[in-house]
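Work through these short exercises with the model at hand. Try each task before you read its solution.

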Amino acid sequence: MVEDIHLIQQVLKGNQAAFRSLMERYQSYVFTIAYKVLKNRESAEEVAQDVFIKVYRMLGSYQQKSKFSTWLYTIAYRTALDEARKKKRYSLSIEADDQHLQIADEDGKSPAFDLQQADLNKQLEAAIQHLKPIDATLITLYYLNEKNVQEIQVITGLTKSNIKTKLFRLREQLREQLKQQLQEEVKDLL
Amino acid sequence: MEENQDIKRVWTQLDGALNEKEQADFLQKLQEDPELSAAFAEAQQLEAHLKEVEADEPSMRFTANVLDQLPVLYKKVSVEPVLSQQSLWRGVLLLLASVLLSFTAALSGTGTGSGENSFIQWQSYLDKFMGLPSSALMIAALTGFCIVSVFAIDQVLKKRFLSKRT
């Protein structure tokens, strides 16, 4: 596989095909981050497009201080967050303790996850999608994008200890959900 | 409190962040405490599922939509010098030929043409040259200066532009 930096150099020389390769490599991850923050496919797609156009314009200023993916996800996360703040359909409130966004449930259901009639992975995806934007992004970055705590710190601007605490709390929350679900399934079988 | 610490250790173990001693203690406790063991099994299961969760995919038109909107910032541009090396040499040769011709014309105009009167010939040439109107000399000097400047600017810009792009 061609390295990111080689593709970037090609883009800077005017090779648009190289930019297409970069996009194809990262577009689903960028879209996922935007979707986790915005909770809406159309908005997430628009934001993801904006992110790549921004990246194209700013590529000359990428200084390789971090991995290209970390730089890209930072732009994606912040662009999505700006968009979420602009959109009035979300009830945003900045929490005093950790400054993350609280999102209102669109269809009036409780934020507890709808864990029925789907396989476990789908249920987990739904559960993650129902998390607060920052929480969903943290889980996505840690597991899907395989970013470590230090890289997540760069992307989100949260402190390391805050990230670790949140990851612990989130995974415990998901474990409890999983446990309940398994207990319900056992009950159904009996 | 103790239970919370144990649960934290479950996740730290799964993250591979326990040191050797902590790991040995944890594994020991895992064997002794069935609740912790169950929690560890659940956490392992969750961890495996989280790693399997797939990325969301944008629409099929996504790549094309972005590429359509891309500005042509990095469109390849010509970096050929304004004056090619060949045309520059042609210009120099032309200039030399003109000077030579005018010099010959000036000498033949004096009507002497023999070697013994070379000083007079030179004097005659210089007189003719000095006799040119000052505006003509000024135009010739300015033209020469402009040609040299264009060449120099072209070289500097080319060097700077190429160094920025690489």
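The exercises below use a predicted model.

**Exercise 1.** Find how much area is buried between chain A and chain B, and which residues of chain A supply the most.

*Solution.* Start with the residues in contact. Chain A brings 43 residues and chain B brings 34 residues. Next, take the area. About 3800 Å² is buried between the two chains, and carbon and sulfur atoms give 63% of that. Last, look at single residues. A:Tyr143, A:Phe168 and A:Arg175 supply 16% of the area that chain A buries against chain B, more than any other three residues.

**Exercise 2.** Count the salt bridges between chain A and chain B, then work out which helix of chain A gives the most residues to the contact side.

*Solution.* The count is 4 salt bridges. One pair is B:Glu42 with A:Arg175, where the closest N and O atoms are 2.6 Å apart. Polar contacts come next: 11 residue pairs across the interface, both partners at pLDDT 80 or more. Now the helices. Several helices of chain A each supply at least two residues to the side touching chain B, among them helix 1 (4-12) and helix 8 (160-189). Helix 2 of chain A gives the most, with 12 residues. Finally, sort that side by class: 23 nonpolar, 8 polar and 12 charged residues.

**Exercise 3.** Explain why the buried residues of helix 7 of chain A lie on the same side.

*Solution.* List them first. In helix 7 (residues 149-156) of chain A, A:Val149, A:Glu151, A:Ile152, A:Ile155 and A:Thr156 are buried. They share a side of helix 7 because they cover an arc of only 155° around the axis. Then check the ends. A:Asn148 caps the N-terminal end, with a side-chain oxygen 3.1 Å from the backbone nitrogen of A:Gln150. A:Gly157 follows the helix, and its phi is positive, near 80°.

Key
Residues numbered from 1 in each chain as written. Chains lettered and ligands numbered in written order. Predicted model: local features only at pLDDT ≥ 70, side-chain atom pairs only at ≥ 80, totals over all residues. Heavy atoms only, no water. Contact = heavy atoms within 4.5 Å. Buried area = accessible area lost by both parts, 1.4 Å probe. Salt bridge = Lys/Arg side-chain N within 4 Å of Asp/Glu carboxyl O. Polar contact = N/O pair within 3.5 Å; in protein donor to acceptor, adjacent residues only side chain to side chain. Helix = DSSP H or I, 4+ residues; strand = E, 2+ residues; numbered from the N terminus. Nonpolar A, V, L, I, M, F, W, Y, C, P; charged D, E, K, R; others polar. Buried < 20%, exposed > 50% of the residue type's maximum accessible area, 1.4 Å probe, protein only. Arc of directions from axis to C-beta.
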